[in-house]
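Q: I have a structure open and would like to learn how to read its features one by one. Where do we begin?

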Amino acid sequence: MTKRKLWTLSGLGVLGLLSSFTMYWFYFAKPVPFPTNEQLVKEINRVFPEVSASVIQDTIPVEERHVVVPFISKKDNYGLSYWVWKKHKWTVLTIDTKGEPKIWKINRKDPSSFHIVWNIHPEDQLSSITYFLIRDRGYQITEGIDNYVPRVQMEKKASLQEKSYGVMELPDEWTGFMNAVLEVESTQKTNPFFNHFPEVNMFFGWIPYDQSEKEIFPEGSVNGSGYSNGNLVIDHMMILSKGDLELP
């Protein structure tokens, strides 16, 4: 082998090592410590100036590379921001001026990665929220075969006595049910919503309660505005009343 070929091969080897290191550093390296509250406020207001964030209430890790940051604005709104470790830096990808409950689907095809996120305004004086996973019953005839789908209604209560904000992983029975539906639909491959949600007739909802356990509409926590770069899947949750439920 000539010296020229040897140098060429050596150069390609070094280039390959540098490329591998850069790829690892850029996409796979462990996250650095999360930004300080001052840095968070500055970045939120830089990305979405209309929000006028002022006070960081907390930083709540959802997973190693996903963090929820509830905040209070100068206009006394209680909002939410969603942060992701991406391309070797912490980036805020979605900001909501109000904190009505929503579903953050970190991996839209894996229900175990779904989390309910909320930040309720204290003036709404909520005591608790009951969250629901509901699948409506249905009936159809396919190729001469009658198919009946029973209703499914699951609930999980979250207390707001200590904190008006929070992040809740979906209960195991919810994710188990959704995974079972996904498995069935993956064999059918006829539902156009398969890549978006397990089933079109399935949805999440919530009912807010005051200190007397009466339903109440949280005026200060809904109908906000927001910023999103479109890279996160954060779905709306329907506000329900007892009239929407099936009770024993």
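A: Let's start at a loop: Asp76 sits in the loop between E3 and E4. Helices (H or I, at least four residues) and strands (E, at least two) are DSSP runs, numbered from the N terminus. This is a predicted model, where local features need pLDDT of at least 70, side-chain atom pairs count only at pLDDT 80 or more, and totals for chains, interfaces and linings use all residues. Residues are numbered from 1 along each chain as its sequence is written, and side-chain values use heavy atoms, with hydrogens and water left out.

Q: What is the phi of Asp76, and is the residue buried or exposed?

A: Asp76 has a positive phi of about 65 degrees, although it is not a glycine. Buried means under 20% relative accessible area, exposed over 50%, and partly exposed in between (1.4 Å probe, protein chains only). Asp76 comes out at 36% relative accessibility, so it counts as partly exposed. The turn holding Asp76 belongs to a hairpin, in which E3 and E4 have 4 residues between them.

Q: Where is Gln125, and what is its phi?

A: Gln125 lies in the loop between E7 and E8. Its phi is positive too, about 55 degrees, and Gln125 is not a glycine. At 56% relative accessibility, Gln125 counts as exposed.

Q: How do I read strand pairing, and which strands does E3 pair with?

A: The rule is that two strands pair if DSSP finds at least two bridges between them. For E3 (66–73), there are 3 bridges with E1, in the antiparallel sense. Another 3 bridges join E3 to E2 (residues 60–63), again antiparallel. With E4, E3 shares 7 bridges, also antiparallel.

Q: Which residues face each other in these pairs?

A: Val55 has Ile72 of E3 as its bridge partner, Glu63 has His66 of E3, and Val67 stands opposite Trp83 in E4. E2 and E3 also make a hairpin, with 2 residues between them.

Q: How many residues of E3 are buried, and which way do they point?

A: E3 is mostly covered, with 8 of its 8 residues buried. His66, Val68, Pro70 and Ile72 point one way, while Val67, Val69, Phe71 and Ser73 point the other way.

Q: On to helices. Which residues of H2 are buried?

A: The general idea: an α-helix has 3.6 residues a turn, so residues three or four places apart point the same way. In H2 (residues 37–47), Leu40, Val41, Ile44 and Val47 are buried. Seen down the axis of H2, they fall within an arc of 140 degrees (taken from the directions from the helix axis to the C-beta atoms), so they line one face of the helix. The face turned away from that side carries exposed Glu38, Lys42 and Arg46.

Q: What covers the buried residues of H2?

A: Going by contact (heavy atoms within 4.5 Å), the cover includes strands E1 (53–56), E3, E4 (78–86), E5 (89–96) and E14 (226–228).

Q: How do I read a sheet, and in what order do E12, E7, E6 and E15 come?

A: Read the order across the strands, then look for the edges. These 4 strands form an open sheet in the order E12-E7-E6-E15, with antiparallel pairing. E12 (165–169) and E15 (233–236) are at the edges, each with a single partner strand, so one side of each has no neighbour in the sheet. Inside the sheet, 5 bridges join E6 (residues 99–105) to E7 (residues 114–119), and Gly99 stands opposite Asn119.

Q: And what about the sheet with E8?

A: That open sheet also has 4 strands, in the order E11-E8-E13-E16, and its pairing is mixed. E8 and E11 run antiparallel over 8 bridges, with Ser128 opposite Ser159 in E11.

Q: Last one: which residues touch the most other members of the largest nonpolar core?

A: In soluble globular proteins, nonpolar side chains tend to be buried together. A nonpolar core here is a set of buried Ala, Val, Leu, Ile, Met, Phe, Trp, Tyr and Cys residues joined through side-chain atoms within 4.5 Å. The largest core has 24 residues, of which Ile116, Tyr131, Trp174 and Phe204 touch the most other members. Its largest share, 4 residues, comes from H3. A second, separate core of 16 residues includes Val41, Val51, Ala53 and Trp85.
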